[in-house]
Amino acid sequence: MRRCIVIALAFAFTADTVISAQEWPLWRSYAARFLDDQVRVIDRDAGDRTTSEGQAYAMFFSLVANDRSRFDRLLAWSERNLAGGDLGSRLPSWLWGRAPDGEWRVLDANSASDADVWMAYTLLEAGDAWGEPRYRQLGGALAARIAEQEVAHIPNVGVTLTPGARGFQKDETYRLNPSYLTPQLFARLAELLPEGPWREMAPSLPALIEKSAPRGFAMDWMDVDSAGRVRPSELGSYDAIRVYLWVGLLHADAREREPLLRVLSGMTGAVRSSGTVPEKVRTDGRIDSAKGPVGFSAALIPFLTALGEQDLASAQLSRVRAELDASTGLFGKPAKYYDQNLALFALGSLEGYFWFDAHGRLRTRWKPD
């Protein structure tokens, strides 16, 4: 059923054009707007900064598009500027930009584990897809650094990913970010790197997400202590929206999918009652801001589709399509960096450019097997 819904929605979005395996119009438009010649991803809404998240996502999209030249330049820039020239032995710094003295450099040397996991995963998948041992070696080395510096064993909770190498543990309490806990990536890393901690992360994931999502809404952050108590943050918004996206992108046979869909029921009810995806939701279920940006609507399409909510998914797709700016090929006026990233994940999957199998392996239109 889900596959039929996806095909129907994708046909509605692309019926007027036939696109080759290497041609991905949204990625091309994104690269033209947000990537420079070096290649670095520029967040034009935040002082033209670059983050490890932006670089990791762009590497993933380059792989999906079979855009190896851009992939190599993204990797080279990231290694040189975020990892001191050696991504195999150093986690990338999360933030690079213009310093107060006018110089462009690393502004915060701490890591961001979600970006690191996406980068390691993408390097490993690129090594398989393009038959490049160097990518596999680098991805494995980065995954080993993540396991060493960004993974914690929390008593009464289990093994999980901390948001960065430093600053997220105080005494016996850890601050975690639910949107960093991407089940399909952990599943794939567990297959490729069985000696790592990845397989141990899966059992604790549904319970952690459930405890972090009171009233069925994902929150941006949560504090977890050694007694297993979880205290969600007061707000679910720009981080939390990715929780629904990652769950929606899970393969129908992924074992975490059904439990995770169930614990996020609050968002489904909110969309059904208002017709919009809220921008900000409080822990008690109060909607602070009733209409999120266009990227939020895009992010919810795979989630609603996975639930079989075809009408709700179609309504969000219509909203996304209505905000396409023909002059830029991007969504919204002006086009925002984060919206386009959410749309690339959501619509890229919807239109069949990529998908994850039940074990988290990346499949693409240009290399489906």
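Biologist: About how many Å² does the chain expose?
Modeller: Heads-up: this is a predicted model, where local features need pLDDT of at least 70, side-chain atom pairs count only at pLDDT 80 or more, and totals for chains, interfaces and linings use all residues. Residues are numbered from 1 along each chain as its sequence is written, and side-chain values use heavy atoms, with hydrogens and water left out. Carbon and sulfur atoms supply 48% of the exposed area (Shrake-Rupley method with a 1.4 Å probe; for residues, only the protein chains shown count as cover). The chain exposes about 14800 Å².

Biologist: What percentage of the residues in the chain is buried?
Modeller: Buried means under 20% relative accessible area, exposed means over 50%, and partly exposed is in between (1.4 Å probe, protein chains only). Out of 369 residues in the chain, the buried share is 59%.

Biologist: What is the radius of gyration of the chain?
Modeller: The chain has 15 helices and 16 strands (DSSP runs numbered from the N terminus: helices are H or I with at least four residues, strands are E with at least two). For 369 residues the globule rule gives 21 Å, and the chain comes close to that, so it is as compact as a globular protein of that length. That rule is 2.2 Å times the number of residues to the power 0.38, and the radius is taken over C-alpha atoms. For this chain the value is 19 Å.

Biologist: Where in helix H13 does the kink lie?
Modeller: H13 covers residues 294-306, and 13 of its 13 residues are buried, so the rest of the structure largely encloses it. The kink is about 30° and comes shortly before the proline Pro302. The bend at a residue is the angle between axes fitted to the seven residues ending there and the seven starting there. The kink sits at Leu300.

Biologist: Which residue in E3 is the bridge partner of Arg98?
Modeller: Strands E2 (residues 95-98) and E3 (residues 104-108) pair in the antiparallel sense over four bridges; two strands pair if DSSP finds at least two bridges between them. Five residues lie between the strands of this hairpin, and Gly102 takes a positive phi near 90° there. Across in E3, the partner of Arg98 is Trp104.

Biologist: In the open sheet of four strands, what is the order?
Modeller: The pairing is antiparallel. E6 and E9 (230-232) are the edge strands, each pairing on one side only. Inside the sheet, four bridges join E7 (residues 173-176) to E8 (residues 222-225), and Tyr174 has Val224 in E8 as its bridge partner. The order is E6-E7-E8-E9.

Biologist: What is the relative accessibility of Asp171?
Modeller: Most residues other than glycine have a negative phi, and most peptide bonds are trans. Asp171 has a positive phi, near 55°, and lies in the loop between E6 and E7. Asp171 counts as exposed, because its relative accessibility is 67%.

Biologist: Which residue does a cis peptide bond join to Lys333?
Modeller: Omega for this bond is about 0°. Lys333's partner has its place in the loop between strand E14 (330-331) and helix H15 (337-350). The residue is Pro334.

Biologist: How far apart in space are Ala165 and Ala270, C-alpha to C-alpha?
Modeller: Ala165 is in the loop between strands E5 (158-161) and E6 (169-170). Among the residues it touches are Leu91 and Gln149 (contact means heavy atoms within 4.5 Å). Ala270 is 105 residues from Ala165 in sequence, and their separation in space is 36 Å.

Methods. Lists of a residue's contacts leave out its neighbours within four places in sequence.
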